[in-house]
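Please find below a short note on the structure under review. The points begin with one ring contact and then turn to the chain as a whole.

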Amino acid sequence: MSGSNVAREPALPTEQHEGFVRAATLEWIRQARQLGVARRPQYVWPANLDGFQGLCNELVRIAHQEVESLLRRSDDLLQPLGDPFRIDFPLNRWLAGAREEAYSDWLAWAVGRLSPREVMEVFCLQVPDDLADEVQDLPVQVEREVYLPYTNGNKSGRIDLTVKMGTLMLVIEMKTTPVGQADTAKQQEYFKALESHTLFAGKARRYVLLATSEDRQGECIDCFTYLPLSAACRNLRGIVRKRLAAWRAGKACNHVNLALILALVGAIETNLLGLSVSLRGHNQRTIDHLRNFIAQGGN
């Protein structure tokens, strides 16, 4: 309107505009390659925002199709329950603030419903050869917040989970943050105390740290072997898949237990790992997570 004193935002200079579009297009092409999508000539170096928007819309559409395809395949593996990504897991009061205690309690419950070999599978551990026969049919005993004095009794701590199967014991610490943000120094004290404690003499011990970081799997971090929560979730999915396959072949199973284990998986994947299959929220990490689970299902 003539005579208006309203300042107009200056137009983006052409060179800056083209540089932005070029950089953004390179990023989308990188993501397209991860999805296995061939570069399409009409979307290479768009000269205006309309062309760039077309590229974005196309890649979002292709990514969504990929997610839906993976979900259908996962549904087949987990029938009649289906993939936990199909359910929305909002941060209710119990899970709000990524409360470590809530997830540890739920994980302890789930582990207590597994066989010894399944427990070892969840945490990517091998049953020692000399204990293979002993462990096979033993009950799984899970304890939470195990009190442990250390430094000659001057200090104490509580271990998140201990899992006992005969003379084999797993010591599990679970963090709801990336490894770099977690307080893991005390694990060294836990390790020293457990290795020297007469109560645990004669037991083979395995130490596992769970956290949200994707990398560093198998690395020793303050005396505990690191396992990403994403890997543990895929392993739990795999155990449910195998039990459901056995059920479809005529073997009895407890569908309620399996559904609750998948609910735990879904809550961790959504709330702690930030994975999502929604049209706006899905990302390459979600696609890779589903691909890896489905690849396990082919074993």
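**Notes on aromatic contacts and overall fold**

1. In this predicted model, Arg-237 is placed over the face of Phe-293, with a distance of 5.0 Å from the ring centre.

2. Aromatic pairs were sought across the whole structure, and the search returns 2 of them. In one pair, Tyr-207 and Phe-224 have ring centres 5.2 Å apart and planes at 65°; since planes over 60 degrees apart count as edge-to-face, the pair is therefore classed as edge-to-face.

3. Where in the chain do Tyr-207 and Phe-224 lie? Tyr-207 belongs to strand β4 (residues 204-211) and Phe-224 to strand β6 (residues 224-228). With these positions 17 residues apart in sequence, the pair links distant parts of the chain.

4. Are Tyr-207 and Phe-224 buried or exposed? Both Tyr-207 and Phe-224 are buried. Ring pairs also bring in Phe-191, giving a cluster of Phe-191, Tyr-207 and Phe-224.

5. As to the fold, the protein chain contains 9 helices and 6 strands. Of its 299 residues, 44% are buried.

6. Contacts in the protein chain may be considered by sequence separation. Among those between residues at least 6 apart in sequence, 64% join residues at least 24 apart.

7. The protein chain has an accessible surface of about 16,000 Å². Carbon and sulfur atoms account for 50% of that surface.

Terms used:
Residues numbered from 1 in each chain as written. Predicted model: local features only at pLDDT ≥ 70, side-chain atom pairs only at ≥ 80, totals over all residues. Heavy atoms only, no water. Phe/Tyr/Trp six-rings, centres within 6.5 Å; stacked < 30°, edge-to-face > 60°. Helix = DSSP H or I, 4+ residues; strand = E, 2+ residues; numbered from the N terminus. Buried < 20%, exposed > 50% of the residue type's maximum accessible area, 1.4 Å probe, protein only. Lys NZ or Arg CZ within 6 Å of the ring centre and 35° of its normal. Contact = heavy atoms within 4.5 Å. Areas by Shrake-Rupley, 256 points an atom, 1.4 Å probe, with all protein chains shown as cover.
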